[in-house]
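Visitor: I'd like a walk through this one, with the geometry spelled out. Can you take my questions one at a time?

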Amino acid sequence: MWQEINKPKMATEKGASRVLTLLGQLERLNEDPKASDTDATRQITGKILHLIQTQEKTRKEMVSKGSSGMEVILSFLENTRDLQTTMNILSILNELLTVGGGRRTGVFVSKGGTAILLQLLVSSSKDIPLNEELMLHVHSLLVKVGPKDRKFGVKARLNGALNVTVNLVKRNLQNHKLLLPCVQVLRVYSGNLVNAVSLGKSGALELMFEIIGPFSKKNTTLLKAALDTLAALLKSKMNARRALDRGYMSTVLTIYQDWHRNDKRHRHMIIRKSILGCIKNFTNIKLGRKAFIDANGMRILYNASTECLPVRTLDPLVNTSSLIMRKCFPKNRLPLPTIKSVYQHALPHIPAGGPVAQLYSQPPGVDDVVDESDENEATEVDTENDTENEDDETDHKTQNDDIETDINKLLPRQMQTRPFDELRVYERFCLEFTRDFEDNDFESHGSVMPPTSVEPDLHCPLIIPTMLASISPQNSHPQNIQPPRSNHSPLELDSISISKTLECKHNPDLVCSLGLLVLDGGVSVNGGSGGGPQEETRDQAEIEVPDTAALLPLHDPDLYLEMVKGTRSVPAYTEVAYPDYFGHVALNLHEPILERVNGVQRTKIFQDIERLIHPSDILDKVVYDLDMSCPILDNGESLKFNSKFESGNLRKAIQVRKCEYDLILNSDINSNHYHQWFYFEVGSMRPGVRYRFNIINCEKSNSQFNYGMQVLMYSVQEAISGSPQWVRTGSDICYYKNHFSRSSIAAGGQRGKSYFTMTFTVTFQHKDDVCYFAYHYPYTYSMLKMHLQKLSALRTAEIYYRQDELCETLGGNSCPLLTITAMPESRSNEHISQFRSRPVVFLSSRVHPGETNSSWVMKGSLEFLMSCSPQAQHLRESYIFKIIPMLNPDGVINGNHRCSLSGEDLNRQWQNPNEGLHPTIYHAKSLLQYLRATGRTPLVFCDYHGHSRKKNVFMYGCSIKETVWQTNVNTSNCDIHEDLGYRTLPKLLSLMAPAFSLSSCSFVVERSKEATARVVVWREIGVQRSYTMESTLCGFDQGKYKGLQIGTKELEEMGAQFCVGLLRLRGFTDPLELHNSHLEDIENDLVDPCSIPNITSSTTHLLEEDEPVFLEEVDYSAESNDENEPDLQDNHVLPDPSSDSELSRQDSLT
């Protein structure tokens, strides 16, 4: 018999190692129970244990690929009934799994080892007396195996192992040697929510509180394990409520205080963090947050965190404490009477459905600012869900559900939606196709000269610039100018006059000459250095004004004021902002993206928490409020705010502390949300003082303000001194979720939502300056009218330029439509025919008022088109341009961010626009339909936009194939033919425009965008090259401008380069030029399908915006968002754009 045992299957090969021989013997014994010899099995397993303990080679052989060593050991463990053999095998497994890590543990799990251990645990627990050493070995192995087995929780519950371990803990609270692995196994059990509930009912919570306690240097490993187990148990809401009912919140806070006080050398930070983990899970439910507040938890954690701030290594404690305090901060009501806009505009009719209909159907007296509860109570029911399969389901669905998968919907459907007889009315916008050119049309219009500044007539009626008398310009005497009385009403248009003196101060340090602006408006003025107020006579206050017209050919302050007079606003503005009047001269230097300071967001959040900790320090003084009809009295110790001018947006300003102000933005008119665009004025500041401004009702979950973007500031003092320009400014800039509750009415029915704060700090340089702050470079409707009038003066005999009124807006303003091309060479039939056969390019911009960068890009395009350069002339000879430079004048005028006066996003109305509610979209689409009906479908359509959460400039286009490629739709039966020419223009731009990023472009059609201009013009009008061109509001992370913030210079440059791209595109689309084989090669290279990237990033749509989620990650260090917050979690599934180097960008072009 023994000779047979010495000839195992595993030892048949010559030269087999000793351990394999022993394993073969063990396998043979296991196969023949009758031949089993207890002494032999003990001897064999003992020898194997000795070899494994002494030889690394042996351990590797046991689990090497193709070896059955693990199966033999586990099989024998399952079948043996001998205690010593069992102990030997457990020791062997412990040695194997201790050294070698995850791979060996994975082999153990894959061979069914977990179930065998659990069965051994349950069966051995019935032995009397209980063998503690066996229990110690089994639990020690389970601690190693459990985290590697995704089904461990289910297996443990089904085998009945939970109560075995709990009972062991109960009986061995003083036996720390056995207690430690048992508690560690409980921690692994509790990772399954169903197990956690079961353990809570079995008394595991109470057991953990018997183990944890005040500061002690003994048994810290056990204490850490107990705290981690407690934290895992408290993830169950049922367990958290059970613990709270027993008053354990105060217990945990007391324990944390004790450890904080006594751990002076910070050697036990990991234990302190585990205690905070328990508190954090307590506060996941509303009852826990209330208990935290009642137990003075805010003050305890605030004081402890404040003491930890100087020690950088304690940042994890500070960050977790910050997260807990933010979560528990009582939700506050936004200090407004209603979230609806201050201004209302009567609509011709109310839409049948949608947000506007809901707004108007809202019963009177309903509180739309905050819900009755700040929580969604449905999330706190007492049911618990079995989530053992959650790991299998996580990330199972990576497909973007928004991508259109219906091939029939993707295919263009060029149907005639309106009879041609109805479209004939749009012939008046296309006179170039039908008119007869007269001889005088070809006469020269004179030489092209930059328009000069026109001396205004004395005493011509003008609009008063705001807060004028508070300015103390350089080279003048501040004491000679007094601010107007607080009860002084805004001056009417004809109550003020302006003149410029003939004297001019010449200073080589100034970039422009200065005139004297003399204002006459009955303003109270001091006479001399000593006196009190003089009589309100026609005394005059003089202020120097930069002659920006000398630097800005398209800007004329006097003309601007005349344009303002014809602009109709809902609030009937009677004031003009200085930056719009003076103009903006682009900086000659580049402004770098602001480097993020470590911990700045945490610091700001702590300052917010101090409001609750030290309420007596809060002033809570309203200093500006559009909701109040009467003026707010001022004692001279607060900043002065104003936004009652074109494109202005600031609803309310509250002085929180001496130098800190909470600001609230106004909703879009006929809406109750869209808070992003801001433009306001600040005065009465002191120089050298750090002022903090908090815009507290932002709605987006993230912002480029977290990634280096700065606000824009315009200083009137600097303008007077020769620097009339918007500059990036602000420090300590960050964007985070705040404690102001957002009602379900404003959040589309979602409860429990909060607003976000955008905070920045500014130190002013001049006393009593007047400064303006804006989200981006302002570009008003009146500015557009001024620019168009100036552009028309640039027309020469070679330029065909016509300006029509496309329609009148809801607010009574004109929507201009421009036609620009080159005049025909002569009246000959050949030249006229060539003129009329030019393809049409249709451009539009500023459908979203807050995307002012799109207007600056359009300005660059228009200036290029009207220039006298040979390229511009060639471009005009190549195309007929139809341009709508501002699709939403009313929204721009009234300071909206997203909507028109109808309260709707106009870029979601292209499928079925209403002539009464969406006149600009209705007539723009009708004009496109007319062009298609007359055989002049545009070659290119491009709608200029701005992007708030991505860097660079890029395009969105439309492609059936690229859309289908991003889905799992089987297209084998679909005969899809598509010309890849839609990629030519973006690739051309990427080769010539340093601001343009091809890697950021996308040509996927999404369901949520089916009513946008880009998709409708592509699908219904049949324009293959239908684009949205997005320009960043922040800056660049690639190319020539990498690391820089964007300015008007770069935006206008992009507009001009887009025109040059169109000129190069002509070479690829003109049949007369495509015979060139060289051009054919370039065309093939540009549309090479191999260069089409695989678009894997999903898209979320916040507030129905034309942008995907923000692509960059930011390390919040647990300081800005709850772990369960979905908004920002989604942002991290996308690729990091920082990997898009200039080299990889160029590689993608070839």
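What follows is a chat about rings, backbone oddities, a helix and a sheet in this predicted model.

Visitor: How many aromatic pairs does a search of the whole structure find?
Guide: A pair of aromatic rings is described by the distance of the centres and the angle of the planes. Searching the whole structure on that basis gives a total of 37.

Visitor: Take Tyr302 and Phe606: is that pair stacked, edge-to-face or tilted?
Guide: The ring centres are 6.0 Å apart and the planes stand at 35 degrees. Stacked needs under 30 degrees and edge-to-face over 60. The angle of 35 degrees satisfies neither, so the pair is tilted.

Visitor: How many residues apart are those two, and which helices hold them?
Guide: The pair links distant parts of the chain. Tyr302 belongs to helix H20 (residues 297-308) and Phe606 to helix H28 (residues 600-613), which puts the partners 304 residues apart.

Visitor: Is Tyr302 buried or exposed, and what about Phe606?
Guide: Buried means under 20% relative accessible area. Tyr302 has 7% and Phe606 has 5%. Tyr302 therefore counts as buried, and Phe606 is likewise buried.

Visitor: What sort of aromatic pair do Trp677 and Tyr679 form?
Guide: Their centres are 6.2 Å from each other, with 70 degrees between the planes. Trp677 is buried at 2% relative accessible area, and Tyr679 is buried at 0%. Since an angle over 60 degrees is the criterion, the 70 degrees here makes the pair edge-to-face.

Visitor: Which ring does the charged end of Lys950 sit over?
Guide: The distance from the charged end to the ring centre is 4.2 Å. Elsewhere, the charged end of Arg1066 sits over the ring of Tyr879, 5.8 Å from its centre. For Lys950, the ring is that of Phe954.

Visitor: Where is the cis peptide bond that involves Pro129?
Guide: Pro129 is found in the loop between helix H8 (113-124) and helix H9 (132-145). Omega is about 0 degrees for the bond, which joins Ile128 and Pro129.

Visitor: Ser647 and Ser684 have positive phi; is each buried or partly exposed?
Guide: Ser647, with phi near 70 degrees, lies in the loop between strand E6 (640-642) and strand E7 (652-657). Ser684, with phi near 65 degrees, is in the loop between strand E9 (679-683) and strand E10 (690-698). At a relative accessible area of 3%, Ser647 is buried. At 22%, Ser684 counts as partly exposed.

Visitor: What span should helix H3 have, and how far apart are its end C-alpha atoms?
Guide: H3 covers residues 38-54, which makes 17 residues. The rise is 1.5 Å a residue, taken over one less than the number of residues, so the expected span is 24 Å. The end C-alpha atoms agree with that, at 24 Å.

Visitor: What arc do the buried residues of H3 cover?
Guide: The buried residues of H3 include Ala40, Ile44, Ile48 and Ile52. An α-helix has 3.6 residues a turn, so residues three or four places apart point the same way. The buried residues are on the same side of H3, because their arc is only 165 degrees.

Visitor: Which strands stand at the edges of the open sheet of 7 strands?
Guide: The order is E16-E17-E19-E18-E20-E22-E21, with mixed pairing. An edge strand here has a single partner, so one side is left without a neighbour in the sheet. That describes strand E16 (799-808) and strand E21 (953-956).

Visitor: In which sense do E21 and E22 pair?
Guide: Strands of a sheet pair through backbone hydrogen bonds, either parallel or antiparallel. Val953 stands opposite Ser1031 in E22. Over 4 bridges, the pairing of E21 with E22 is antiparallel.

Notes. Residues are numbered from 1 along each chain as its sequence is written. This is a predicted model: local features need pLDDT of at least 70, side-chain atom pairs count only at pLDDT 80 or more; totals for chains, interfaces and linings use all residues. Side-chain values use heavy atoms; hydrogens and water are left out. Rings of Phe, Tyr and Trp (its six-membered ring) pair if their centres lie within 6.5 Å; planes under 30 degrees apart count as stacked, over 60 as edge-to-face and the rest as tilted. Buried means under 20% relative accessible area, exposed over 50%, partly exposed in between (1.4 Å probe, protein chains only). A charge sits over a ring if NZ of Lys or CZ of Arg is within 6 Å of the ring centre and within 35 degrees of the ring normal. The arc is that of the directions from the helix axis to the C-beta atoms. Two strands pair if DSSP finds at least two bridges between them.
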